[in-house]
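Dear colleague,

Here is the structure I said I would pass on. My notes on what was found in it follow below.

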Amino acid sequence: MEMDRVLAQLRQHEPEMIAIRHDIHMHPETSYEEFRTSQLVADKLTEWGIDFERGLAGTGLVATIKGARPGNRAIGLRADMDALNMVESNTFAHASTIPNKMHGCGHDGHTAMMLHAARYLKNNPDFAGTVNCIFQPAEEGGAGGLRMIEEGLFERFPCDTVYSLHNKPGLPVGKFVTRSGPQLACADSWTITLVGTGGHGGAPEKSTDTTIALAQFILGMQTIISRNIPALESAVLSIGTVHGGMSFNVMPSEIVVTGTTRCHKPEIRDLLEKRMTEIAHGAAAMSGCTAIVDYQRGYPPLINTRAETDKAILAAAAVSGMDNVDGDNPPINAADDFAYMLQVRPGCNVMLGQGDDPKWKNNHMPGYDFNDEIISIGAAYWVSIVDQELNQPTD
Ligand SMILES: [Zn+2]
Ligand SMILES: [Zn+2]
């Protein structure tokens, strides 16, 4: 497929798509409350004659576009729609109009980009099979992707493979990065409650002391990365809060410690949880205390499959040239709930550079904004991956 021609055609609608992106940016909605955004997507799909269904995971939608040629294969393209609870520092005309809410991760851009691609594919159904455009709620911590799966996403809209795209500040406009295997981390949280008798600071022999258990736990925990995780693997363990005690002369009967773990492989994740639990119980026992361990698994590691990563690389190269595609980019410690979709379907997530000028602030920073320059490039990538998946000779 001639991607220059595709891009040129996409750019004819670009001003309209940028206006949609700005509209969404001005009206950010967080986890499962994307009512206006969902309605806007529905209105545009209706206007452009694209079939869709609503109601998956509340505000989620799936638009279905059939190719002009018959084919049994189907793919899923996923965009997230939610904003963040944060204060925007930008003062431009399309800044957030909702207090304490902001599209600080560019999901406004992802939504507009997917609409842009859906419209193109509807008008140019030059493929064999079915494309499902998945507009999901609640990526930022609410696991909207998982809820869509649980509500029958892939039974109602069968997909052989799934793809996603995230903008990436700090990377030149139009440059793509991805990798086969683990690309993003799991993001787990845990709470450990150390329980003792507490007692008089002047008579520790009559009490069990949770502060000693805490000290042993914090130091013991540091050995998980250094002694239990293989040297060539990576993992992060960090404590975020420590709360206990109210008085200088009373030993606390309870101390609560919370923290986060990040890693890229399921077996490393299992090991982190197991060792953390053992060390909490062991440290407590050394001081005659007990530990209650509550390990909460967040998003799983995001693991791209080999064959689909190869297709994503070819699709990106068709848009930006092979020199602008890094198909072996190192993993990072961010997380994304597209990981759940990759647990049940093969697929690949790519990151698309939105500019290396320092004015393009990192995701989740108060001065962040999505760069409209990549709205058509991203849409072209979606068209290109459809071409890779649904247009190749099968025999
Ligand atoms: Zn984010
Ligand atoms: Zn994001």
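**Metal site, pocket and sheet**

Histidine 166 is buried, with a relative accessible area of 10%. Please bear in mind that this is a predicted model. I begin with this residue since both the metal site and the pocket lead back to it.

**The zinc ions**

The zinc ion (ligand 2) is held by Cys105 through SG, and by His107 and His166 through NE2, at 2.1 to 2.3 Å. In sequence these donor residues follow the spacing C-x1-H-x58-H. Histidine 107 belongs to helix H4 (residues 107–123) and histidine 166 to strand E5 (residues 161–168), so the pair ties together parts that are 59 residues apart in sequence. Histidine 107 is buried, with a relative accessible area of 0%.

The zinc ion (ligand 1) has as its protein donors Cys105 (SG), Glu140 (OE) and His364 (NE2), which lie 2.0 to 2.3 Å from it. Here the donor residues are spaced C-x34-E-x223-H in sequence. Cysteine 105 lies in the loop between strand E3 (69–80) and H4, while histidine 364 lies in the loop between E16 and helix H11 (375–390), so this pair ties together parts that are 259 residues apart in sequence.

Which residue coordinates both ions? It is cysteine 105, and the zinc ion (ligand 1) and the zinc ion (ligand 2) are 3.1 Å apart. Is cysteine 105 buried or exposed? At 7% relative accessibility it counts as buried, because the cut-off for buried is under 20%. Histidine 364 is partly exposed, with a relative accessible area of 40%.

**Pocket and cavity**

The largest pocket holds about 430 Å³ of space. It is lined by 22 residues, and those closest to its centre are Cys105, His166, Ala334, Ala335 and His364. Cys105 and His166 are also donors to the zinc ion (ligand 2), and His364 is a donor to the zinc ion (ligand 1). The elements that give two or more residues to the lining are E5 and strand E16 (347–353). E5 gives the most, with 3 residues.

How many cavities of 30 Å³ or more does a search of the whole structure find? The search finds 1. The largest cavity has a volume of about 50 Å³. Its lining consists of Lys168, Val177, Thr178, Arg179, Gln183, Asn329, Pro330, Ile332 and Met351.

**The four-stranded sheet**

An open sheet is formed by 4 strands in the order E10-E12-E8-E13, with antiparallel pairing. Strand E10 (235–244) and strand E13 (290–296) are the edge strands, each pairing on one side only. On average, neighbouring strands of this sheet are turned by 20 degrees against each other, direction ignored.

Two helices to look at next pack on this sheet. Helix H7 (residues 210–228) touches strand E8 (188–195), E10 and E12, and its direction makes about 170 degrees with that of E10. Helix H8 (residues 266–286) touches E8, E10, E12 and E13, and its direction makes about 160 degrees with that of E13.

Strand E12 (residues 254–263) is joined to E10 by 9 bridges, and the two run antiparallel. Within this pair, histidine 243 stands opposite valine 256 in E12. E12 is also joined to E8, by 8 bridges, and that pair is antiparallel as well. There the bridge partner of aspartate 188 is threonine 261 in E12.

In a regular strand the side chains alternate between the two faces of the sheet. Which side chains of E12 point to the face where they are buried? They are Ile255, Val257, Gly259, Thr261 and Cys263. Glu254, Val256, Thr258, Thr260 and Arg262 point to the other face and are not buried. Threonine 261, the partner of aspartate 188, is thus on the buried side, and valine 256, opposite histidine 243, is on the other.

**One loop position**

Proline 230 sits in the loop between H7 and E10. It is partly exposed, with a relative accessible area of 43%. Proline 230 and lysine 44 are 186 residues apart in sequence and 51 Å apart in space, C-alpha to C-alpha.

Best regards

Definitions and conventions
Residues are numbered from 1 along each chain as its sequence is written. Chains are lettered from A and ligands numbered from 1 in the order in which they are written. This is a predicted model: local features need pLDDT of at least 70, side-chain atom pairs count only at pLDDT 80 or more; totals for chains, interfaces and linings use all residues. Side-chain values use heavy atoms; hydrogens and water are left out. Two strands pair if DSSP finds at least two bridges between them. Axes are lines fitted to C-alpha atoms, for helices over the stretch in contact, and angles run from 0 to 180 degrees between N-to-C directions. Contact means heavy atoms within 4.5 Å. Donors are N, O and S atoms within 2.8 Å of the metal (3.2 Å for Na, K and Ca); water is not among the atoms, so sites may look incomplete. Buried means under 20% relative accessible area, exposed over 50%, partly exposed in between (1.4 Å probe, protein chains only). On a 1 Å grid over the protein atoms alone, a cavity is a set of points where a 1.4 Å probe fits but cannot get out, and a pocket is an open set with protein on both sides within 12 Å along at least five of seven lines; lining residues have an atom within 4 Å of a point. Grid points are joined across faces, edges and corners, and a volume is the space filled by probe spheres set on the points.
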